[in-house]
Amino acid sequence: MSPGMSLYSVNAIVILSSDDGSRIFSKYYTPPHAAAGAPGTGVAAGLASSSASQNPYPDKTSQTRFEKGLLQKTAKQTGDILLYDNKVVLYKMESDVAIYVVGSADENEVLLYNVLLALRDSLHMLFKQSIDKRTIVENYDLVSLAIDEIVDDGVVLETDPTIIIQRCSKAPPADVNLSRLDPFTEQGVNNLAQLGKAKLTDWLRQGL
């Protein structure tokens with residue numbers, strides 16, 4: 001592992017409109033140890049200050065500036081990786097949107113690329129259609145949930161799209177005849193458990 005690499009691999013995930021550059025989704029990560037506040041002393045403080053874990057885009061103004069420049073830069077590129085503003089950026093153009101995964105300059109590009117592919121493929125599987133601005137806006141909660149399943153506080157958690165969509169897919173309609181669920185059979189117990197899980201998931205998504 002390079003000196004600048006850490007467990008907190010992802011600095012940001014951003015989705016922009018490739019038509020007008022407007023922000024559709026963005027999430028910038030500041031690792032917990034970097035947000036501790038008061039400077040310390042000794043080895044731990046030295047590692048914290050020397051690492052690239054501090055969020056260089058702490059406010060909306062700096063983020064907007066970064067995103068605008070990023071879209072201008074990638075609009076003229078034909079690849080899927082570049083170094084911009086001392087950051088490694090992996091990106092994919094999909095229909096009328098651009099998806100970006102941002103890491104520090106010395107981060108593992110393969111890991112970041114796997115994060116990018118996991119997000120893109122998960123969205124394709126969730127939407128069962130092309131990834132475009134309208135679909136993302138209409139399914140913003142699913143997009144946000146998928147990204148949270150992939151990355152948490154900059155730490156890569158999962159890159160398998162199949163696992164990601166299993167955790168994010170909307171619960172099926174619970175049109176179940178409860179009178180047909182015999183709780184004294186193994187199948188009845190399983191059916192009740194599945195029904196309860198579906199209801200709980202639905203309530204959590206609605207914020208109840």
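The following exchange goes through the fold, the sheet, the helix packing and a few single residues of this predicted model.

Trainee: What should be known about the model and its numbering before the values are read?
Mentor: Residues are numbered from 1 along each chain as its sequence is written, and side-chain values use heavy atoms, with hydrogens and water left out. Since this is a predicted model, local features need pLDDT of at least 70 and totals for chains, interfaces and linings use all residues, while side-chain atom pairs count only at pLDDT 80 or more.

Trainee: In which order do the helices and strands of the protein chain run from the N terminus on?
Mentor: Helices (H or I, at least four residues) and strands (E, at least two) are taken as DSSP runs and numbered from the N terminus. The protein chain has seven helices and seven strands. Read from the N terminus, the order is β-β-α-α-β-β-β-α-α-α-β-β-α-α.

Trainee: How many of the residues of the protein chain, as a percentage, count as buried?
Mentor: The term buried stands for under 20% relative accessible area, exposed for over 50%, and partly exposed for what lies in between, with a 1.4 Å probe and protein chains only. Of the 208 residues of the protein chain, the share that counts as buried is 39%.

Trainee: What is the strand order of the open sheet of five strands?
Mentor: Two strands are said to pair if DSSP finds at least two bridges between them. β2 (23–28) and β3 (81–84) stand at the edges with a single partner strand each, so one side of each is left without a neighbour in the sheet. The pairing is antiparallel, and the order is β2-β1-β5-β4-β3.

Trainee: Over how many bridges do β4 and β5 pair?
Mentor: One of the bridges joins Val 88 to its partner Gly 103 in β5, and the two strands form a hairpin with two residues between them, where Ser 95 in the turn has a positive phi of about 55 degrees. On its other side β4 pairs with β3 in the antiparallel sense over four bridges, with Val 89 in β4 as the bridge partner of Leu 82. For β4 and β5, also antiparallel, the number of bridges is eight.

Trainee: How many of the eight residues of β4 are buried?
Mentor: Helix α3 packs on the sheet and touches β1, β3, β4 (87–94) and β5 (97–104), where a contact means heavy atoms within 4.5 Å. Strand β4 is described as mostly covered, and the number of its residues that are buried is seven.

Trainee: What is the angle at which helix α3 and helix α5 pack?
Mentor: Two packed helices are described by the angle between their axes and the distance between the axes. The axes are lines fitted to C-alpha atoms, for helices over the stretch in contact, and angles run from 0 to 180 degrees between N-to-C directions. For α3 (residues 109–127) and α5 (residues 140–150), the axes are 10 Å apart and the angle is about 145 degrees.

Trainee: Which residues in α5 are met by those of α3?
Mentor: By class, the contact of α3 with α5 has ten nonpolar, no polar and no charged residues; Ala, Val, Leu, Ile, Met, Phe, Trp, Tyr, Cys and Pro count as nonpolar, Asp, Glu, Lys and Arg as charged, and the others, Gly among them, as polar. From α3 come Val 115, Ala 118, Leu 119, Leu 123, Leu 126 and Phe 127, and in α5 they meet Val 143, Ala 146, Ile 147 and Ile 150.

Trainee: Is Ala 146 buried or exposed?
Mentor: Ala 146 has its place in helix α5. Not counting residues up to four places away in sequence, Ala 146 touches Leu 126, Ile 164 and Cys 168. Because its relative accessible area is 0%, Ala 146 is buried.

Trainee: Which residues does Leu 70 touch, not counting residues up to four places away in sequence?
Mentor: Leu 70 is placed in helix α2 (residues 60–74) and counts as buried at 0% relative accessibility. From Leu 70 to Val 89 the C-alpha to C-alpha distance is 8.8 Å, although they are 19 residues apart in sequence. The residues touched are Tyr 84, Val 89 and Tyr 100.

Trainee: What is the relative accessible area of Asp 85?
Mentor: Asp 85 lies in the loop between β3 and β4, and it has a positive phi of about 55 degrees although it is not a glycine. Asp 85 is partly exposed, with a relative accessible area of 46%.
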